[in-house]
Amino acid sequence: MIEVNRTFADKEMLTDALTSQKHETGLYNMFANECDCENLRQVVMNILNEEHSIQMELYKEMSKRGWYPVKQAQQEEITQVLNQFEGNN
């Protein structure tokens with residue numbers, strides 16, 4: 001059996017953490033949507049908010065390091081999307 005000792009680099013660790021956070025928030029969101037007990041739903045919503053904050057921190061760190069580039073939308077693209085969601089196709 002071959003043993004491989006591999007250490008994750010910072011970029012790999014942050015990418016993995018961000019991907020995991022995206023998955024987690026999706027699961028918490030689905031649970032909150034389907035929760036019948038208001039008290040439990042509120043607890044899950046609080047956790048969801050915390051998880052979104054963690055996700056944003058990870059994104060900001062990756063962006064700061066140039067590992068998560070985002071294309072800035074042009075005003076025309078923004079208007080087009082707004083019209084789509086407002087029903088003004």
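Here are some numbered notes on this predicted model, going from the overall fold down to individual side chains.

1. **Overall layout.** The chain has three helices and zero strands, and from the N terminus on the elements run α-α-α. Burial is worth a look before anything else: of the 89 residues, 13% count as buried. Keep that number in mind when reading the accessibilities below.

2. **Helix H3.** This helix covers residues 75-86, which makes twelve residues. From first C-alpha to last it reaches 16 Å, close to the 16 Å expected at 1.5 Å a residue. How many of its twelve residues are buried? The count is zero, and H3 is hardly covered. Just after H3 comes Gly-87, with a positive phi of about 80°.

3. **Salt bridges, the count.** The model gives four salt bridges. As a reminder of the principle, side chains of opposite charge can pair when their charged atoms come close. Three of the pairs are worth going through one at a time, in points 4 to 6.

4. **Asp-10 and Arg-65.** The closest N and O atoms of this salt bridge are 3.4 Å apart. Asp-10 sits in helix H1 (residues 10-34) and Arg-65 in the loop between H2 and H3, so the pair ties together parts that are 55 residues apart in sequence. Neither end is hidden away or fully out in the open: Asp-10 is partly exposed at 43% relative accessible area, and Arg-65 is partly exposed at 38%.

5. **Glu-61 and Lys-64.** Here the closest N and O atoms are 3.1 Å apart. Both residues lie in helix H2, three residues apart, or about one turn of the helix. The geometry behind that is textbook: an α-helix has 3.6 residues a turn, so residues three or four places apart point the same way. As for cover, Glu-61 counts as partly exposed at 23% relative accessibility, whereas Lys-64 counts as exposed at 64%.

6. **Lys-71 and Glu-77.** This salt bridge also has its closest N and O atoms 3.1 Å apart. Lys-71 counts as exposed, with 65% relative accessibility, while Glu-77 counts as partly exposed, with 30%. Which residues do shared salt-bridge partners join into one network? They are Asp-10, Glu-61, Lys-64 and Arg-65.

7. **The two cysteines.** The disulfide count is zero. Why is there no bond between Cys-35 and Cys-37? The sulfur of Cys-35 has its closest cysteine sulfur in Cys-37, but at 5.7 Å that is too far for a bond; the cut-off for a disulfide is 2.5 Å. Looking from the other side, the closest cysteine sulfur to Cys-37 is the one in Cys-35. Their surroundings differ in class: Cys-35 counts as buried at 16% relative accessibility, while Cys-37 is partly exposed at 39%.

8. **An aromatic pair.** The model has one aromatic pair. The partners are Tyr-59 and Tyr-68, arranged edge-to-face, with 5.2 Å from centre to centre and 85° between the planes. Both rings belong to residues with some access to the probe: Tyr-59 counts as partly exposed at 26% relative accessibility, and Tyr-68 counts as partly exposed at 28%.

9. **A nonpolar patch on the surface.** Phe-31, Leu-40 and Val-43 make a nonpolar surface patch of about 250 Å². Of these, Leu-40 is placed in helix H2, which spans residues 38-64. Is Leu-40 buried or partly exposed? Leu-40 is partly exposed, because its relative accessible area is 38% and the buried class stops under 20%.

10. **His-52 and Thr-25.** His-52 is also placed in helix H2. How far from Thr-25 is His-52 in space, C-alpha to C-alpha? The distance is 6.8 Å, although the two are 27 residues apart in sequence. His-52 itself is partly exposed, with a relative accessible area of 39%.

Notes
Residues are numbered from 1 along each chain as its sequence is written. This is a predicted model: local features need pLDDT of at least 70, side-chain atom pairs count only at pLDDT 80 or more; totals for chains, interfaces and linings use all residues. Side-chain values use heavy atoms; hydrogens and water are left out. Patches are made of residues with over 30% relative accessible area and no salt bridge: like charges are joined within 9 Å, nonpolar side chains (Val, Leu, Ile, Met, Phe, Trp, Tyr) within 5 Å. Accessible areas come from the Shrake-Rupley method with a 1.4 Å probe; for residues, only the protein chains shown count as cover. A salt bridge is a side-chain nitrogen of Lys or Arg within 4 Å of a carboxyl oxygen of Asp or Glu. Helices (H or I, at least four residues) and strands (E, at least two) are DSSP runs, numbered from the N terminus. Buried means under 20% relative accessible area, exposed over 50%, partly exposed in between (1.4 Å probe, protein chains only). Rings of Phe, Tyr and Trp (its six-membered ring) pair if their centres lie within 6.5 Å; planes under 30 degrees apart count as stacked, over 60 as edge-to-face and the rest as tilted. The expected span of a helix is 1.5 Å times one less than its number of residues.
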